[in-house]
Amino acid sequence: MQAEIIISGFGGQGTLYAGQVLAYAAMDEGKHVTWIPSYGPEMRGGTANCTVVVSDDEIGSPTALHPTAVIAMNLPSLDKYEPMIKPGGYLIVNEDMVNRTSTREDIHVLMVPASKIAMEIGNERAANMVLLGTLEGNMHLLPQGALERALEAHTAARLKKFISINIEALRRGAEYQAD
Amino acid sequence: MALELIKGNIAVAEAAMRAGLVSYFGYPITPQTELLEHLSARMPELGRAFVQAESELGAINMVYGAACTGLRAMTSSSSPGISLMQEGLSYLAGTELPAVIVDVVRGGPGLGNIAPSQADYTQVVHGGGHGEYHLIVLAPASVQEAVDLTTMAFDIAEKYRMVVCLLLDGFIGQMMEPVELPEFKPVRTTPPAWAIGSPDSKGQVVLTSINIDPPTQERFNVKMMTRWQEVEKNEVRYKGYFLDDAEYVVIGYGTAGRISLSAVRAAREQGLKIGLVRPISLSPFPAKVVDELADRVKGFLVVEMSNGQMLDDIISIVARRVPVEFYGRMGGMVPYPDEISNAISALVNGKHDVNIDARAEWLAGLRELVGTGE
């Protein structure tokens, strides 16, 4: 098993952090994992993204031209990565930040009102965790509960108060299932 | 032991301290800065020396001074800074001083950019400083390998009284992977006999690279060349993948090596018998394995994030027995596995011409792909 996941959005939306939560969870479950931030030419254009590769074997490339899944937190990310996803892969979009849906029929598209959900549960900044919950709830890359355990284990002491909101966000995101 | 998820730059810093680094001298430059930043916090905590020098010239000459006392000394920088250090590296080599330097290579030439590159190969492997000397050059392809090689680098440097260069690129520096960090080694408290201030030294200790008398200088160079033969015997490192039945072999190190692994696996899935050699020691170079493969495979593809600097070494080893082709990206661009897959197809389905001008063929293709900006 190997999956390449790109998480992309504006700086400040928590794309890099969402990738790290996934990477910590994968590490704790004994998987090989790489996390690499947007770096070099990809950095231009005001977006922040990271690529996470989760695998049962030694990982070759830490980046992918045709990722298995993309979390797009804004329109430029949707425009850029939608055409690149592997057929059969997953596109998870923060519906509240874009003005269109996907035209691709060979991938699973999940439009999630992540910002609205995050506000409902008390913190707009948890939209990244909602979308990560949708990703894991559909792809099942890791054993049940791995992301929640990673949040418990790796959140810095001064941020521990956000763990419960983040766990709630993961659960709400996982309710969105591909057709 | 528990795994930690950390960036390559921080992993190297932490591994160096655990290996007994007691004196670090550096000057900030991206994409290496986290390494220096981490040490600026951690070294004082342990009562060890962290000095931000006034420049890279200052840093490398402070390393020279610290190394003369037999202390474990290190500096780190990125390409333009490593260029500035070349004089100091030659002086360290000419004085037989052990030290570790880290080069997190970035796109160039000139000020270039902060993106990952492998364009410093020639500078560090074939010597950017004056005179004749060798650095031992180690090129990790993962964060764990960066930790393991950093740990080893200080021992190797002291064993041969030579400078060890860890050659990383921005990908390895910025990437997070799970690593197991080693335990802290005890710090050496007594300097070795050759060092200034050693209780074991016999009489006055003079450490210098000046040999005003040419026969004396020649004898020194013979001694160092002889020592280098020992290094070549003992310190060659590489990792081979799928070599047993390989008909064609890809050669790449560091980030280019691990990206090539993805392309080689994809080729295997299509039934192509492709292998991979990932050199870990670039100096001494794993020439023997390439030489032996050249007698039994149908061709090689060299992959680098440069204009083919290791390529020249491979061409020299293979000596036109089989074709050697090349794929590279330059200036901070990193190839995707798909590009390497295309180059593998071109090699397998190509003309198998041993006289091919690999660099010219590759450049024509890249010029077509990206243009010249004119």
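## Two domains in chain B

Domain bounds here come from an automatic or database domain assignment. In this predicted model, that assignment splits chain B into domain 1 (4–234) and domain 2 (239–370). Their C-alpha centres sit 29 Å apart.

The two domains do touch: 27 residues of domain 1 of chain B are in contact with 22 residues of domain 2 of chain B. On the domain 1 side, the elements that each chip in at least two residues are α6 (121–125), β6 (136–138), β7 (163–169), α8 (170–174) and α9 (214–234) of chain B. That side is made up of 16 nonpolar, 8 polar and 3 charged residues.

## Strand β10 of chain B

Now for a closer look at one strand. Strand β10 (residues 248–251) of chain B is covered on both faces. Y248(B) and V250(B) are buried on one side, and V249(B) and I251(B) are buried on the other.

β10(B) runs parallel to strand β11 (residues 274–279) of chain B, with 4 bridges joining them, and Y248(B) is opposite I274(B) of β11(B). To get from β10(B) to β11(B), the chain passes through helix α10 (residues 254–269) of chain B, making a right-handed β-α-β crossover.

Strand β13 (residues 299–304) of chain B also pairs with β10(B), again parallel and over 4 bridges. Here I251(B) faces V302(B) in β13(B).

## Where chain A meets chain B

Between the chains, 16 residues of chain A are in contact with 21 residues of chain B. On the chain A side, α1 (15–28) and β2 (32–37) of chain A are the elements giving two or more residues, and β2(A) gives the most, with 5 residues. This side of chain A has 11 nonpolar and 5 polar residues, and no charged ones.

Methods: Residues are numbered from 1 along each chain as its sequence is written. Chains are lettered from A and ligands numbered from 1 in the order in which they are written. This is a predicted model: local features need pLDDT of at least 70, side-chain atom pairs count only at pLDDT 80 or more; totals for chains, interfaces and linings use all residues. Two residues are in contact if their C-beta atoms, placed from the backbone, lie within 7 Å. Ala, Val, Leu, Ile, Met, Phe, Trp, Tyr, Cys and Pro count as nonpolar, Asp, Glu, Lys and Arg as charged, and the others, Gly among them, as polar. A residue is buried if 20 or more other C-beta atoms lie within 10 Å of its own, exposed if 12 or fewer, and partly exposed in between; C-beta atoms are placed from the backbone. Two strands pair if DSSP finds at least two bridges between them. A crossover is right-handed if, with the strands pointing away from the viewer, the path from the first strand over the helix to the second runs clockwise.
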